[in-house]
Amino acid sequence: MATDQADASEADTYEQFETRVQRISNVGNAAGVLRWDQEVVMPDEGTPARAQQLSTLSSLSHELLTADETGDLLAELEETALADERAAVVREIRRRYDRETSVPQDLVEEISATASNAHPTWKRAKEEDDFEQFAPTLEQLVDLKREYANHIDPDADPYAVLFADYEPYIDLETAERVLERLRETLVPLIDAVQESDAELTTDAFAGQFDDDDQEALARDVLDSLGYDWDRGRLDTAPHPFSSGTQFDARVTTRFEEDDLLGSITSTIHEFGHANYTQGLPDDGYGTPLGEARDLSVHESQSRLWENHVGRSRPFWDHFLPIARERFPELADVTPEEAYESANQVHDDNLIRVEADELTYHLHIVIRFEIERDLIRGDLEVAEVPQVWNDKYEEYLGVRPETDAEGCLQDIHWSHGDFGYFSTYSLGSVLAAQLYAAAEADRGPFDDEIREGEFDDLNGWLRENVHQHGKRYVTPDLIERATGEGLTADYFLEYVESKYGELYDLEEY
């Protein structure tokens, strides 16, 4: 009888806790819709009101999470033997609770308001190619995020504290080791590619392409890959992104009239993100069980679809005929030419989101090093354009001529997102590891991709990644899905094999 009463008490406590967690989640999801609206359709003069709205929601979420009631419920539940899924929810909320109770509410509101106002400032500075317009706001954000990190752990590296906001279960040292290994391996590979005499087709998608027709083709891409339109939509944004929940996972892309391939790969990339979100369990909505497992895993899904599928030979066997229906001027392009153009390695690219699969990671290294030094106080904001340009010249052999194509090209710092960039490379590494594990389990996917059949691959991802939400911490999720810990081996084997063949590199 006493045991039954204890079980009933535990169930009641957990129900109260889950209800509170769902309220916090819903406030955050509402803020996400407002942020989507701000970047996609909000009128230009809407910022003052939107900044206040987002600040209020951020404050409300913070109040709910850090309230004494939340702490009391956590403490009570941590004293009981919970089922694994419930224990995972408690673990994730405990981590958030501990971090947010360390940060004063007025600082949370100030960061939110500053970031909301920073977006139009960054946008205008980029349009007018003038870093000095954005510099005071960037300096304010750097100072605020340093203060934020200091409240959480005054004895820790502030950049490691910020990195943990995006990747809480992979430490900064691991990220640094991965980036160092990629840099050491990719630089000589890229040098060998640039010295190669191989003649790849690089102009398969040259021409001028109407935006409306590109949008129609983007919808064809999403249709082909299996995007659920009943739970999503497609729009445009200056910097493509996806956002939402399993019930409403939206995709944005962008169109340049002379870059059809860019719109295709961007759309596939954002599909990967949205597909992960749509694959989260419905019954976990409102709790960590229905949320994505942080940014490295999220990025693994977008990079897997963009690169291992969208830049593969079989994909162009499948998709080129569809593209020809929209653009008859591609009639003479062969799938092999499309494949080569989709995988050319650029020797003069300055823009991260337009970078090829190899040089992309040096773009990440540059951002990682600069923002780490900014947060640690080893670099002044005023020095960013010069240091940025110097690093591009050193690592990539090119030098930006403008701030717009240099340090103002990315949106992330205007959001206060310091510690974010390395997750792109971690995601690429994990994508290769997951794809290799999926093929080891199900067999090669080439024939299925060539026929436009993606259910088997997506089913494996649903089973091994998506359905778990945040039930497992990142290293455990990777171990369960692939049978081993995070390793760069599969990514490096993949790119060395692929580009060694494309560019006739004997040493690879």
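Which residues line the second largest cavity? In this predicted model, the lining is made up of Val-297, Leu-430, Leu-434, Val-465, Leu-477, Ile-478 and Ala-481. Two elements each give two or more residues to it, namely α16 (422-442) and α19 (474-482). Of the contributing elements, α19 gives the most, with three residues. Sorted by class, this lining holds seven nonpolar residues, no polar ones and no charged ones. The space they enclose has a volume of about 30 Å³.

Let's step back to the whole structure, where a search finds two cavities of 30 Å³ or more. The largest has a volume of about 40 Å³. Around this largest cavity you will find Arg-367, Trp-388, Cys-407, Asp-410, His-412, Trp-413 and Phe-421. Here the lining residues divide into four nonpolar, one polar and two charged, whereas the second largest cavity has no charged residues in its lining.

From the cavities, we can move on to the nonpolar cores. The largest nonpolar core has 128 residues, and within it Trp-305 and Trp-316 touch the most other members. It is worth pausing at Trp-316 to see what surrounds it. Once neighbours within four places in sequence are set aside, Trp-316 is in contact with Phe-205, Leu-261, Ile-264, Gly-310, Arg-311, Pro-321, Pro-335, Ala-338, Tyr-339 and Ala-342. Apart from the largest core lies another one, of 20 residues, including Leu-57, Leu-82, Val-89 and Leu-289.

Technical notes. Residues are numbered from 1 along each chain as its sequence is written. This is a predicted model: local features need pLDDT of at least 70, side-chain atom pairs count only at pLDDT 80 or more; totals for chains, interfaces and linings use all residues. Side-chain values use heavy atoms; hydrogens and water are left out. A nonpolar core is a set of buried Ala, Val, Leu, Ile, Met, Phe, Trp, Tyr and Cys residues joined through side-chain atoms within 4.5 Å. Buried means under 20% relative accessible area, exposed over 50%, partly exposed in between (1.4 Å probe, protein chains only). Contact means heavy atoms within 4.5 Å. On a 1 Å grid over the protein atoms alone, a cavity is a set of points where a 1.4 Å probe fits but cannot get out, and a pocket is an open set with protein on both sides within 12 Å along at least five of seven lines; lining residues have an atom within 4 Å of a point. Grid points are joined across faces, edges and corners, and a volume is the space filled by probe spheres set on the points. Ala, Val, Leu, Ile, Met, Phe, Trp, Tyr, Cys and Pro count as nonpolar, Asp, Glu, Lys and Arg as charged, and the others, Gly among them, as polar. Helices (H or I, at least four residues) and strands (E, at least two) are DSSP runs, numbered from the N terminus.
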